[in-house]
Amino acid sequence: MHLLTVIDHPDPNSFTAAVAAQFNNGAEAAGHTTEIADLHSEGFDPRWSMADIESDRNSKTPPDILAEQQRIARADAICLAFPLFWWGMPSMMKGWVDRVWAWGWAYDQLDNPEKSLQKPRTGVLLVPAGARSDEMETAGYLQALETAWTKGTFGYFGLSPRKIELLHGSTGSAKRRRALLERSYAIGFSLPQPGG
Ligand SMILES: Cc1cc2nc3c(=O)[nH]c(=O)nc-3n(C[C@H](O)[C@H](O)[C@H](O)COP(=O)(O)O)c2cc1C
């Protein structure tokens, strides 16, 4: 498979960048080809603008969005790597999702969140998070993310199967962080085929 890993982090030496690299290493070891979209270093503009609205009206896709859609078109699997910020996506990733996976290209209906205009692609959300898993579970955040992302967003984009991989305790000890890096490699190594 060809894997596209999209990263939202301004620091190339961040933990998020390291887990994305380990994930890609695992995928390559399993025989997949990989490509990285580093949204900050590439200067992606996450602001949904009047140009986006007009392109929606006139069916004329802005050139920066066309380029993003072209690299998605090459991919059989997509990984979004970003830190959990306020129980959601940081702004760069949020803007990339809002602008790139547009009505008429990704989906053209709202009644069925499992229906997409896109071919099935394996989807992984690789998400470092400061909180512990029991804290997130007890407070209901895990369920909230499953509802908003797995149920309510990524089916429209054709991501199937799709999984949220929360890397809990990402600000913890060196041992903890090493374990999360190893887990990221293992997730990349065992990527399922699309459509499952
Ligand atoms: C603005 C901001 C908001 C954050 N919100 C959350 C949050 O809602 N839940 C959580 O578990 N961690 C939260 N964190 C912690 C980050 O997810 C964690 O520090 C992560 O490891 C950051 O990625 P990095 O280590 O690659 O910089 C937040 C951090 C920042 C800076």
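In this tour, Ala, Val, Leu, Ile, Met, Phe, Trp, Tyr, Cys and Pro count as nonpolar, Asp, Glu, Lys and Arg as charged, and the others, Gly among them, as polar. The model is predicted: local features need pLDDT of at least 70, side-chain atom pairs count only at pLDDT 80 or more, and totals for chains, interfaces and linings use all residues. Residues are numbered from 1 along each chain as its sequence is written.

**The ligand.** Select the ligand and the 15 residues that surround it, a residue being near if its C-beta atom, placed from the backbone, lies within 6 Å. Thr-16, Pro-83, Gly-130, Ala-131 and Ser-170 are the closest. Helix H1 (15–29) and strand E4 (121–129) each give two or more residues to this shell; helices (H or I, at least four residues) and strands (E, at least two) are DSSP runs, numbered from the N terminus. The shell comprises nine nonpolar and six polar residues, with no charged ones.

**The sheet.** Next, select the five strands, which form an open sheet in the order E2-E1-E3-E4-E5 with parallel pairing; two strands pair if DSSP finds at least two bridges between them. Strands E2 (33–38) and E5 (159–168) stand at the edges with a single partner strand each, so one side of each lacks a neighbour in the sheet.

**The E4–E5 pair.** Isolate E4 and E5, which pair in the parallel sense over eight bridges. Display Leu-126: its bridge partner in E5 is Glu-165.

**The whole chain.** Finally, show the entire protein chain, with its eight helices and five strands. Along the sequence, their pattern is β-α-β-α-α-α-β-α-β-α-α-β-α. The C-alpha atoms fill a box of roughly 55 × 40 × 35 Å, taken along the principal axes.
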